[in-house]
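Here are my notes on the model you sent, set out as numbered points so that each can be checked against the coordinates.

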Amino acid sequence: MQSPKNLRAFQHAKAFAVITYRATSGFPAAERFGLTSQMRRAAISVPANIAEGCGRSGNRALIAFLHVALGSATELECLADVAVEVGVCTREGVSSLLEETSTTKAMISRLIARLRERKDRP
């Protein structure tokens, strides 16, 4: 078991969740239980799954939770695109969110690769 606070991916994912909350704060009230809620849930799921994986024993469990975190980040990208397409926000309004999503996914992917590499060493 390791502390998620020691992982840069976790720290970045937490900051990314805060950016998501800020980006969705300007969404229309009619979307409070729709896109706003779903995007926030997906965003907070990323650091939460990293933390949960760190609380389990062994790298295999951590890798599984990192994959769930990756899925949530990918879900958020999709939801941000839908928000733009339905006119809830502008592309510029979610551009920093999408950049951070991409960075977060890359960090998580690199962490998975490093953990797998360690696991495969004799």
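**Notes on the fold and its charged residues**

1. The secondary structure of this predicted model comes to 4 helices and 0 strands, and along the sequence the elements follow the pattern α-α-α-α. The radius of gyration of the chain is 15 Å, close to the 14 Å that the globule rule gives for 122 residues, so the chain is as compact as a globular protein of that length.

2. For a sense of the overall dimensions, the C-alpha atoms fill a box of roughly 55 × 20 × 20 Å when this is taken along the principal axes. Of the 122 residues in the chain, 40% are buried.

3. Turning to charge pairing, a search of the whole structure finds 3 salt bridges. One of them joins Lys105 to Glu77, with the closest N and O atoms 2.8 Å apart. This pair links distant parts of the chain, given that Lys105 belongs to helix α4 and Glu77 to helix α3 (residues 59-85), with their positions 28 residues apart in the numbering.

4. A salt bridge is also formed by the side chains of Asp81 and Arg91, at 2.9 Å from N to O. Asp81 lies in helix α3 and Arg91 in helix α4, so this pair ties together parts that are 10 residues apart in sequence. As to their surroundings, Asp81 is partly exposed, with a relative accessible area of 29%, and Arg91 likewise counts as partly exposed, at 37% relative accessibility.

5. The side chains of Arg56 and Glu52 meet in a salt bridge as well, with a distance of 2.7 Å from N to O. Are these two residues buried, partly exposed or exposed? Arg56 is partly exposed, with a relative accessible area of 39%, and Glu52 is partly exposed too, its relative accessible area being 35%. Both values fall between the limits of 20% and 50%, and therefore neither residue is classed as buried or as exposed.

6. A separate point concerns arginines on the surface, where Arg8, Arg110, Arg114 and Arg118 gather in a patch of positive charge. Which helix gives the most to the positive patch? The answer is helix α4 (residues 91-120), which contributes 3 residues, and Arg118 is one of the patch members that lies in this helix. Helix α4 thus recurs in these notes, as Lys105 and Arg91 are also found in it.

Key. Residues are numbered from 1 along each chain as its sequence is written. This is a predicted model: local features need pLDDT of at least 70, side-chain atom pairs count only at pLDDT 80 or more; totals for chains, interfaces and linings use all residues. Side-chain values use heavy atoms; hydrogens and water are left out. Patches are made of residues with over 30% relative accessible area and no salt bridge: like charges are joined within 9 Å, nonpolar side chains (Val, Leu, Ile, Met, Phe, Trp, Tyr) within 5 Å. Accessible areas come from the Shrake-Rupley method with a 1.4 Å probe; for residues, only the protein chains shown count as cover. A salt bridge is a side-chain nitrogen of Lys or Arg within 4 Å of a carboxyl oxygen of Asp or Glu. Lys and Arg count as positive and Asp and Glu as negative; His and the chain ends are not counted. The place of a charge is taken as NZ of Lys, CZ of Arg, CG of Asp or CD of Glu. Helices (H or I, at least four residues) and strands (E, at least two) are DSSP runs, numbered from the N terminus. Buried means under 20% relative accessible area, exposed over 50%, partly exposed in between (1.4 Å probe, protein chains only). The radius of gyration is taken over C-alpha atoms; the globule rule is 2.2 Å times the number of residues to the power 0.38.
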